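Let's take a look at how charged side chains pair up here, and then at one of the sheets. Have the structure open while you read.

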Amino acid sequence: PAPREEVRRTQRAVASGEYNFETRAGSFTVDGTINTLEDTKLASLFDKTTLGGAASVSAEIALSGDTAVVRGDLDATQSAIDFDWWFSKAAGIGAKAAFEAKCVQGTSIELALTGVDLASTALSATLSAIPSNDRKSGWRLTHVTAESQHIDPTGLGMCLQVPYRITGKPGTAGHFEWIADEAESGHSSHTLSARFEELVLDPEVPDETSRGVCRDIDLAATFEDGVERRRHVDIRASELSVPPFGNNWILPLRPDDAPPDGSWTYDVAVQKLDAAPWIATDFSATAFVTPRSSGFERFEGDVEGGTISGRYESVKEENSYTFEGKWNNVPARYLLQHLHYPDVLSGRMTGTAKYSLDRDNPGTLQGEGSFDINNGQFSADFLYSVLEGKMENELASLPPSLRFQRFHADVRMNGDRIETPNLDLTAEGIKLHGGGYFIREGD
């Protein structure tokens, strides 16, 4: 039979071409706009993916037997695209690409995207899909890859369903890969990596205690979904600025109404850490986030020639945290400011501490510790402020020098009451042993 030509108009799209029923070969061109993707079969063509809004396409289609090859250009700026729980591009966010798709009827779909501009991020991507096992649920994605040498964190961050507003400087060396088990067991894995000159994460709900700033950062992440869910993120950076210990460093990334997400772990290594009042160099840590709690399994770093190490856990429902730390030859001011104590003395401190606190009630502070300071000095200003008006006659008897050779104290923390059951002081001409207590913000 003679070739058949057909022109069809649907939603402002024009298709024309020819097809030979005897040879099962043909070619078509398509040019136009689909205004309501949500009302087409494309809307739920792939599992975990939904489409809506409008898309403009200009393409050439070549048919040969059960195989169709489509090449063209796509403008999905006015499309809404959702994938899984974590990606959602709203209509109006830029999305353009050249594409080539190969579809073998009932067998496979292979899609390659080049020259992609997604939210000002330039990338290329590939997608592979096979029919769902029940043959009624459309196609099932089995493999997705993406590569980028220009990542706009602000634009792309608008498409990520995380509790942060992401800004910063463009990133490079972006790689993403998603692989699903073709046996439809429910198992899948993600890997992604990228490098950024700067990233800033601000909580969606304004809260400076969870703000993070990172510079010269290399990110690598692996996510496993199956019988167990595992997420691991590796962070290497030159500088990291985070909230003080006792605040949430990492917010849960998965929304509360999503299925349970299992546990997240983070390996962190930074050349300089700023977690007020602490400033550490060569800092490393292993962090975790579970449905119940978050914190550090371990952390360690150098502080002005000394070292600090320990662990930390924050419990979400109780709004409480526990801190365990060891420090060696660290300037005393860091620990005093960490505990919100006045600067009563200076010197190099070595010691340990373990304490817990309900953030809603400072009176719940409970803990203990011990410390030694060699070649330090008490603060004359602090002592005068404490004694003034109470021991006027004793002020004149204070030694001219408040320096000491050694100061040791065992400390117990019980609410506002700080006890020192054992205290030893050795100074010039003085050697004291005693004990006592101190009421924070009291008389």
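Arginine 292 comes out as partly exposed, at 48% relative accessibility. Keep in mind that this is a predicted model. Partly exposed here covers the range between the buried limit of under 20% and the exposed limit of over 50%, so arginine 292 at 48% falls inside that range.

What does the side chain of arginine 292 meet in a salt bridge? Its partner is glutamate 313, at 3.2 Å from N to O. The two come from distant parts of the chain, 21 residues apart: arginine 292 sits in the loop between β19 (278-289) and β20 (293-303), while glutamate 313 belongs to strand β21 (residues 306-315).

That pair has company, as a search of the whole structure finds 16 salt bridges. Side chains of opposite charge can pair when their charged atoms come close. Here are some of the pairs, side by side:

| Pair | N to O distance | Separation along the chain |
|---|---|---|
| Arginine 195 and aspartate 218 | 2.6 Å | 23 residues |
| Glutamate 313 and arginine 292 | 3.2 Å | 21 residues |
| Glutamate 324 and lysine 354 | 3.9 Å | 30 residues |

Take arginine 195 and aspartate 218, whose closest N and O atoms are 2.6 Å apart. This pair links strand β15 (residues 188-203), home of arginine 195, to strand β16 (residues 212-225), home of aspartate 218. Both ends are partly exposed: arginine 195 has a relative accessible area of 34%, and aspartate 218 has 32%.

Then there's glutamate 324 with lysine 354, at 3.9 Å between the closest N and O atoms. The cut-off for a salt bridge is within 4 Å, so this pair still counts at 3.9 Å. Glutamate 324 lies in strand β22 (residues 320-331) and lysine 354 in strand β23 (residues 345-358). Glutamate 324 is partly exposed at 27% relative accessibility, and lysine 354 is partly exposed too, at 46%. Elsewhere, salt bridges with shared partners tie Arg165, Asp202 and Arg211 into one network.

Now for the sheet. It is open, has 3 strands in the order β4-β7-β8, and pairs them antiparallel. Why is one side of β4 and of β8 left without a neighbour in the sheet? Both β4 (49-53) and β8 (87-89) stand at the edges, and each has a single partner strand. On average, neighbouring strands in this sheet are turned by 5 degrees against each other, ignoring direction.

Strand β7 (residues 79-83) pairs with β8 over 3 bridges, in the antiparallel sense. Opposite isoleucine 81 you'll find lysine 89 of β8.

How values were computed. Residues numbered from 1 in each chain as written. Predicted model: local features only at pLDDT ≥ 70, side-chain atom pairs only at ≥ 80, totals over all residues. Heavy atoms only, no water. Pairing = 2+ DSSP bridges. Helix = DSSP H or I, 4+ residues; strand = E, 2+ residues; numbered from the N terminus. Axes fitted to C-alpha atoms, helices over the stretch in contact; angles between N-to-C directions. Buried < 20%, exposed > 50% of the residue type's maximum accessible area, 1.4 Å probe, protein only.
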